[in-house]
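Work through these exercises with the sequence and the model side by side. Try each task before you read its solution.

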Amino acid sequence: SKVMRQIEKPSLEYNQATMAFQQVGGIDPSTMADAEDIARRLEMVQAFGAANERFASVYSSLEDSMRKGLRDENIDDDFIDFVITNWWQGARPDLISQIRQTDRELVESVTGILTTLQEAFGKWSMQGDLLLIEDASARDKYAQHFDRMNEVVARQEVLQRKVQEALEKVHSQR
């Protein structure tokens with residue numbers, strides 16, 4: 001539990017950065033009144049990216065921290081291996097690492113979306129739920145980033161489902 005507490009702060013910062021971006025409207029152009037709104041969102045995306053990196057760094061060090069902590073308690077290597085194996089089955093750090101990578105890719109695609117909207121500000125408008133971008137080049141860039149974001153989100157959802165299934169499997173075996 002001492003080791004797992006290491007991820008509390010980075011996890012909280014990650015969740016707060018995610019929620020803050022979503023609460024202001026995320027990438028929804030209808031919630032962007034001016035170029036400053038877009039600039040603030042770009043800053044929020046960078047803050048999310050930084051929070052993701054801190055979370056990834058701490059999470060990737062958990063196994064080593066657990067091994068060290070157990071050794072410091074004079075636990076024998078066989079039992080340490082048993083604990084780590086069980087942790088891996090439920091925590092799936094391999095999948096969590098892949099999810100962190102998809103978040104890096106989301107930062108890129110969302111930054112691309114927002115940058116495109118920023119560069120084309122005044123040359124796009126909302127017609128109901130439909131975004132109309134006058135410039136064909138900007139429209140293509142926006143679509144490219146948007147499609148990439150959707151592809152990454154779909155991959156991330158698969159990974160998150162796998163993590164959830166691993167947790168459910170561990171809990172059902174208890």
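**Exercise 1. The largest pocket**

How many residues line the largest pocket, and which of them lie nearest its centre?

Solution. Start with the status of the coordinates: this is a predicted model.
- Step 1. Count the lining: 19 residues line the largest pocket.
- Step 2. Go to the centre. T18, F21, Q22, F48 and L106 lie nearest to it.
- Step 3. Assign elements. α1, α2, α5 and α6 each give two or more residues to the lining.
- Step 4. Find the main contributor. α1 has the largest share, with 6 residues.
- Step 5. Add the volume, which is about 440 Å³.

**Exercise 2. Helix α2**

Find the expected span of helix α2 and compare it with the distance between its end C-alpha atoms. Then list its buried residues and what covers them.

Solution.
- Step 1. Helix α2 runs over residues 35-60, which makes 26 residues.
- Step 2. Take 1.5 Å times one less than the number of residues. For α2 the expected span is 38 Å.
- Step 3. Compare. The end C-alpha atoms of α2 are 37 Å apart, which agrees.
- Step 4. Look at the N-terminal end. D34 caps α2 there, with a side-chain oxygen 3.2 Å from the backbone nitrogen of E36.
- Step 5. List the buried residues of α2: D37, I38, R41, L42, V45, F48, G49, A51, N52, F55, A56 and Y59.
- Step 6. Read the spacing. Residues three or four places apart in an α-helix point the same way, because there are 3.6 residues a turn.
- Step 7. Find the cover. The elements over the buried residues of α2 include α1 (8-23), α3 (62-72), α4 (77-91), α5 (93-119) and β1 (124-127).

**Exercise 3. The nonpolar cores**

Which residues of the largest nonpolar core touch the most other members?

Solution.
- Step 1. The largest nonpolar core has 24 residues.
- Step 2. Within it, I38, V110, L114, L117 and W124 touch the most other members.
- Step 3. Trace the suppliers. α1, α2, α5, β2 (130-133) and α6 (136-172) each give at least two residues to this core.
- Step 4. Rank them. α5 gives the most, with 6 residues.
- Step 5. Set this core apart from another one of 15 residues, which includes Y59, I84, L95 and I96.
- Step 6. Return to V110. Beyond four places in sequence, V110 touches F21, I27, V45 and M149.

**Exercise 4. A glutamate in α5**

Is E105 buried or exposed? Which residues is E105 in contact with, leaving aside neighbours within four places in sequence?

Solution.
- Step 1. Place the residue: E105 is in helix α5.
- Step 2. Apply the cut-off. Buried means under 20% relative accessible area. E105 has 10%, so E105 is buried.
- Step 3. List the contacts. Leaving out neighbours within four places, E105 is in contact with R148, V152 and R155.
- Step 4. Pick out the polar one. The side chains of E105 and R148 are joined by a polar contact of 2.7 Å.

**Exercise 5. Positive phi in the loops**

What is the phi of N74, and what is the phi of R92?

Solution.
- Step 1. Recall the background. Most residues other than glycine have a negative phi.
- Step 2. Take N74. N74 is not a glycine, yet its phi is positive, about 60 degrees.
- Step 3. Take R92. Phi of R92 is also positive, near 45 degrees, and R92 is not a glycine.
- Step 4. Locate them. N74 sits in the loop between α3 and α4. R92 sits in the loop between α4 and α5.
- Step 5. Check accessibility. N74 is exposed, at 71%. R92 is partly exposed, at 25%.

**Exercise 6. Sequence distance and space**

How far apart in space are E134 and A120, C-alpha to C-alpha? Repeat for N86 with V170, and for Q16 with T31.

Solution.
- Step 1. E134 lies in the loop between β2 and α6. E134 is exposed, at 62%.
- Step 2. E134 and A120 are 14 residues apart in sequence and 8.5 Å apart in space.
- Step 3. Beyond four places in sequence, E134 touches G122, K123 and R139.
- Step 4. N86 is in helix α4 and is partly exposed, at 34%.
- Step 5. N86 and V170 are 84 residues apart in sequence and 8.4 Å apart in space.
- Step 6. Q16 is in helix α1 and is partly exposed, at 47%.
- Step 7. Q16 and T31 are 15 residues apart in sequence and 20 Å apart in space.

Note on methods: Residues are numbered from 1 along each chain as its sequence is written. This is a predicted model: local features need pLDDT of at least 70, side-chain atom pairs count only at pLDDT 80 or more; totals for chains, interfaces and linings use all residues. Side-chain values use heavy atoms; hydrogens and water are left out. Helices (H or I, at least four residues) and strands (E, at least two) are DSSP runs, numbered from the N terminus. Buried means under 20% relative accessible area, exposed over 50%, partly exposed in between (1.4 Å probe, protein chains only). Contact means heavy atoms within 4.5 Å. A polar contact is a pair of N or O atoms within 3.5 Å; within protein, one must be able to donate a hydrogen and the other to accept it, and residues adjacent in sequence count only if both atoms are side-chain atoms. A nonpolar core is a set of buried Ala, Val, Leu, Ile, Met, Phe, Trp, Tyr and Cys residues joined through side-chain atoms within 4.5 Å. On a 1 Å grid over the protein atoms alone, a cavity is a set of points where a 1.4 Å probe fits but cannot get out, and a pocket is an open set with protein on both sides within 12 Å along at least five of seven lines; lining residues have an atom within 4 Å of a point. Grid points are joined across faces, edges and corners, and a volume is the space filled by probe spheres set on the points.
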